[in-house]
Amino acid sequence: MSEILSLAGANLISPIILSFALGLAAAMARSDLSIPEAVAKGMSIYLLFAIGFKGGASVAAHGIDATLLLAVGAGIVLSFGLPFIAFALLRVLTGLSGLDAAAVAAHYGSISIVTFVAATSVLEGRAIDAEGYMVAVAAAMEAPAILSALWLVARSGTAGRMEPGLMREILLNGSIVLLVGSFVIGMVTGEAGLAEIAPFIVSPFKGVLCLFLLDMGLVAGRGLRQSRGVLGLGAVAFGIAMPLVGSVIGLGMGMAIGLSAGGIVLLMVLAASASYIAVPAAMRVALPEANPAIYLTLSLGVTFPFNLTLGIPLYVAMATMMTGG
Amino acid sequence: MSEILSLAGANLISPIILSFALGLAAAMARSDLSIPEAVAKGMSIYLLFAIGFKGGASVAAHGIDATLLLAVGAGIVLSFGLPFIAFALLRVLTGLSGLDAAAVAAHYGSISIVTFVAATSVLEGRAIDAEGYMVAVAAAMEAPAILSALWLVARSGTAGRMEPGLMREILLNGSIVLLVGSFVIGMVTGEAGLAEIAPFIVSPFKGVLCLFLLDMGLVAGRGLRQSRGVLGLGAVAFGIAMPLVGSVIGLGMGMAIGLSAGGIVLLMVLAASASYIAVPAAMRVALPEANPAIYLTLSLGVTFPFNLTLGIPLYVAMATMMTGG
Amino acid sequence: MSEILSLAGANLISPIILSFALGLAAAMARSDLSIPEAVAKGMSIYLLFAIGFKGGASVAAHGIDATLLLAVGAGIVLSFGLPFIAFALLRVLTGLSGLDAAAVAAHYGSISIVTFVAATSVLEGRAIDAEGYMVAVAAAMEAPAILSALWLVARSGTAGRMEPGLMREILLNGSIVLLVGSFVIGMVTGEAGLAEIAPFIVSPFKGVLCLFLLDMGLVAGRGLRQSRGVLGLGAVAFGIAMPLVGSVIGLGMGMAIGLSAGGIVLLMVLAASASYIAVPAAMRVALPEANPAIYLTLSLGVTFPFNLTLGIPLYVAMATMMTGG
Amino acid sequence: MDMHQAKRIEIVIEKPMEGRLAKALSSAGVTGYSVVPVRGGSGRSGPWTREGEIGRSGMVMFICLIRPDRLDALLEAAFAVVERHIGVVSVTDAMVLRAERF
Amino acid sequence: MDMHQAKRIEIVIEKPMEGRLAKALSSAGVTGYSVVPVRGGSGRSGPWTREGEIGRSGMVMFICLIRPDRLDALLEAAFAVVERHIGVVSVTDAMVLRAERF
Amino acid sequence: MDMHQAKRIEIVIEKPMEGRLAKALSSAGVTGYSVVPVRGGSGRSGPWTREGEIGRSGMVMFICLIRPDRLDALLEAAFAVVERHIGVVSVTDAMVLRAERF
Ligand SMILES: Nc1ncnc2c1ncn2[C@@H]1O[C@H](COP(=O)(O)O)[C@@H](O)[C@H]1O
Ligand SMILES: Nc1ncnc2c1ncn2[C@@H]1O[C@H](COP(=O)(O)O)[C@@H](O)[C@H]1O
Ligand SMILES: Nc1ncnc2c1ncn2[C@@H]1O[C@H](COP(=O)(O)O)[C@@H](O)[C@H]1O
Ligand code: NA
Ligand code: NA
Ligand code: NA
């Protein structure tokens, strides 16, 4: 326990977390500090490209593990399954309508790639290796949850419908394409390719991540400030309980399929994190009646900071304990 | 021959080419992956500044070669002359109107700086030196072709006219000014200046180039998808034949004026490549009746990928063979 | 004297100054070279984050100096006081109205963070150490001058009023928040934090500064071109005399409170430089009748280039002479 | 100058619906429109801004000039897309040069 | 389509005043507006552009559709903010779909 | 509020022609206009977007409020620039505050 706390403490005073906190505080205090949309999007493209490429290069270096397919399969199962658990939990903890609950559930089945990146960074800091292909698992987990949510809504007889073209849109979503694409490039060009562009995608990576988290803090803080009162206590409780539930399930599946300690942590993080980019856009198309203030505030304002600060060190502690690391 | 193929093969699996291919594929599949205009422009400014500066610093290090003036002169002659060859070839191979053919011809007399940058990168990878001032030759070749095209149109009696102010606009075009300006800065500050900013303009250069080519792939793919049917077979044949013709002429001139093998490759690449930024804008002003879908698709959708993938290794092979390297 | 000249000469041919000159020349010649707003803002965020963080990390490394509070206090006194001197000088040298003179005075009490950054860069180049907390002094000097200017206007009975909310806006201004925030992060995470992100905020710093100064040259040149005739000779004289006056006062205060030679230079630079971002925005709100062409042209078109080229080497020479360095 | 009657339709719609509206307009035979970015705004769901955002959030504005007799077809097409979504549709009378383009 | 009378107000105002105008509008009970970026322009104070700028300079455009009977309240609120500042306010007649939103 | 008759002219024109239109307007004595970015659109030459573009491609929108009696001069100046180029010109009736500015 005390070790978890010291890990969490060390995590809390990293430049990455403090940058997020700075953004959060600035937005709460209504500073006009802001990062242009184009720059924020540029940084997200950089991060996706770098994380995908490095994952692919690592697979090229270590060879494809027999568990690759199992891990991707586990991710897809998680993404399909977690929304049902989230939905049930929401019905118990909150008074959200079926529609809103389904929309929130979709977010928690999907993933937050920045949480994943932050976790990778923590693992690196502690010299814990992880399977490079976990990036592919992340990509595979982005979309399935949306289908589960639509099914939940359809079952309850409300308006949700599968818009024509929506499935293609979700699967060819920019972040999935970039993540998978750069993963493949990294795999094909291998260590040599990585060496060529490492001064761009490896060395400055953490610094860019700081600025990106500054931006996420600004956006999250603005959201929290504007949606004060939107979330009841039950909803906030869900925003913290759900990642814990997800991470435990991720832990079990990761151990079952034989991932390394690092891989298990990443699967836990994927299960525990909630989408705030791809899924919200899909929800605006498919479930426009659902209230975006609820799912955005929960995902970006509650669960994201929880995972970033306490969740990740906790998941690391759990995984190393269970794998006897 | 087999060596050319193996060079081309090695070239094809570089991160740079694969990033372009990823962008192309994503756009063709109608993914919403896209890079903000401001970020794309920012990267192009970075590349121009870096390539100009490095060229200037290299001139400062190696001294001004007696062939500098000859090379710039050769570039200007090429830029003036190639449009006539392109025009004739287009009249033979395609049914384009005189106006459209002249507009296309202007693009092929001018140059693509990214193709030039990619070639520099390939040369570096093979440790083939090139004259630093080839950057100045590139700048000198941007504009003259436009005059030739306007002359071709005027001769044919169609609407093209020299808009007042157009010449100043073309010569003070942002990319020419930045390329020449940073070249001069590099020359003045020399190796010491380069050392100060090398961690910015040298180390991460290739990585930025990857993201930039991802963007170019996206733009080219979008163009190809939208202009399906605009180009006949003859036009496509021109888009591949013209760079070959241009490169051979470039090879001859490069050898005649005594450039190094690397310098010859770069002159070939300049002759073989087609503009897709400066010239299109000039054409919209001077020849608004010409169809942009034709010249953009040819330049960016046919010739650019050809040069990037097959052209450059071919030109390297030709130049090293002819100079006995 | 000859040493100052040689220092100034060496300063003038640095990539940083030449990049500014390139931008200035390009804008004067009406080239269409330009850097997108989002990219320019992104670079400014990078520079503020980097300079704040490095300042904080340096404080963490060297311990908090007893003079920290004194230095911040001196900065605040300077920022409150300099506008009165500027106002008096303007009434003597120019025929500006009280309103315009007060608006200009506010700019000269506040600071230009880029001038500060350029000075830091020069100090590093000459291996002169400075107190890391000078960054905090810079932040403290941004706002007070605005109050002095409003007081000057109120006294003269004209329209200026303290808009509700303006004070909060000024103090929570993005650049102050980012500078102070990253300073604190640097202080908390210390050398370890700096090591993590140094490849992002240290190595490429000077290169980014070059591109940023290219942009500032473009903006300054555009301003000079458009406001030709706005400034009389007296105003231009003020734009050069005021930084000299400010720097001498800064020198005195820096010596009085016992700063190191490097710290004195930075205090001189802060006193000598004029704001062109935060204060103009505040003036548009509080003194909309004051003519922005006057204060922007003076601050960005006259004083900024003066400090960048001649001022900084002069201040370095003065400080080293006076401290017997 | 030879001016012609036209209608100017302005549609503010969520960004994720942009592609669907474009498709609906072209299916309805609308020959031209321009899309203008929207930086922020306010409505019943409160204020918002695009600063720092990275996804397909926010709104865009379609501006469309058409011959008056084609207004109904356009509005029907637009309404089918906007119906369940947030968004604002307004129509103004306008005059245009070069009527052959509309 | 069921259309309703409305007024379309367009306000070009300096960026540093953006927050104040937004506050004034909401105090005046204006239920909705959109903000569009302005890249540059020209006026009595000469031409300008946002290229390369980094501060809160330049201008933004508010576009606001309201029920005609609320026009005066809006104009008064807007005028109180714009009064001492540079900026342009114009009003056009428009028709809107879904009047309940305004 | 004291309102005055005005015309609102909206010109969508290719970016490479932006400088020429600005010059033509000022030669025609037009005292003010604002330029708004256009992110994309569609016309007879098909759909387009500015995403990922780096050159002076795409289009921009000029918005210009003027006194009604100066409309013809403006339209003539604008038409001389737009004539051979793609682009759309529309005019709407509007009311403005502070007529002395136009
Ligand atoms: N009356 C209006 N005039 C202009 N834009 C509006 C108006 N109402 C809503 N909008 C825009 O549409 C968005 C969504 O509106 P709402 O559905 O009311 O939250 C707002 O944030 C504005 O950008
Ligand atoms: N008549 C007008 N039509 C459209 N925009 C205008 C007009 N007049 C001024 N503006 C905008 O308001 C800004 C300031 O105008 P001014 O106060 O006249 O310098 C200009 O730069 C334009 O962006
Ligand atoms: N009717 C229209 N309404 C609004 N914008 C238009 C219209 N027609 C054309 N445009 C704009 O002008 C561009 C060129 O049109 P075109 O010359 O028809 O290809 C289009 O891509 C649109 O951005
Ligand atoms: Na999840
Ligand atoms: Na060429
Ligand atoms: Na000062």
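## A walk around ligand 2 and the sodium site

Start by selecting ligand 2 and F:Leu65: a backbone N or O atom of this leucine sits 2.8 Å from a nitrogen atom of the ligand. Keep in mind as you click around that this is a predicted model.

Stay with chain F and add F:Ser34. An N or O atom in the side chain of F:Ser34 is 2.9 Å from an oxygen atom of ligand 2. Next, show F:Tyr33, where a backbone N or O atom lies 3.4 Å from an oxygen atom of the ligand. Now switch on a surface: of the 480 Å² of accessible area that ligand 2 has on its own, the protein covers 96%.

Zoom out a little and colour by chain, and you'll find ligand 2 between chains E and F. There are 17 residues around the ligand, and among those that come nearest are E:Arg44, E:Ser45 and E:Trp48 on the chain E side. Switch to cartoon view and pick out strand E3 (40–43) of chain E, plus strands E2 (33–37) and E5 (59–66) of chain F; each gives the shell at least two residues. Colour the shell by class and you get 9 nonpolar, 6 polar and 2 charged residues.

Now hop over to chain C and select the sodium ion, ligand 6. Its coordinating atoms are the O atoms of C:Tyr108, C:Ser110, C:Leu270, C:Ala271 and C:Ser273, at 2.4 to 2.8 Å. Along the sequence, these donor residues follow the spacing Y-x1-S-x159-L-A-x1-S.

Before you leave, click on two of those donors. Are C:Leu270 and C:Ser273 buried or exposed? C:Leu270 has 0% relative accessibility, so it counts as buried. C:Ser273 is buried too, with a relative accessible area of 0%.

Key: Residues are numbered from 1 along each chain as its sequence is written. Chains are lettered from A and ligands numbered from 1 in the order in which they are written. This is a predicted model: local features need pLDDT of at least 70, side-chain atom pairs count only at pLDDT 80 or more; totals for chains, interfaces and linings use all residues. Side-chain values use heavy atoms; hydrogens and water are left out. A residue is near a molecule or strand if one of its heavy atoms lies within 4 Å of it. A polar contact is a pair of N or O atoms within 3.5 Å; within protein, one must be able to donate a hydrogen and the other to accept it, and residues adjacent in sequence count only if both atoms are side-chain atoms. Accessible areas come from the Shrake-Rupley method with a 1.4 Å probe; for residues, only the protein chains shown count as cover. Helices (H or I, at least four residues) and strands (E, at least two) are DSSP runs, numbered from the N terminus. Ala, Val, Leu, Ile, Met, Phe, Trp, Tyr, Cys and Pro count as nonpolar, Asp, Glu, Lys and Arg as charged, and the others, Gly among them, as polar. Donors are N, O and S atoms within 2.8 Å of the metal (3.2 Å for Na, K and Ca); water is not among the atoms, so sites may look incomplete. Buried means under 20% relative accessible area, exposed over 50%, partly exposed in between (1.4 Å probe, protein chains only).
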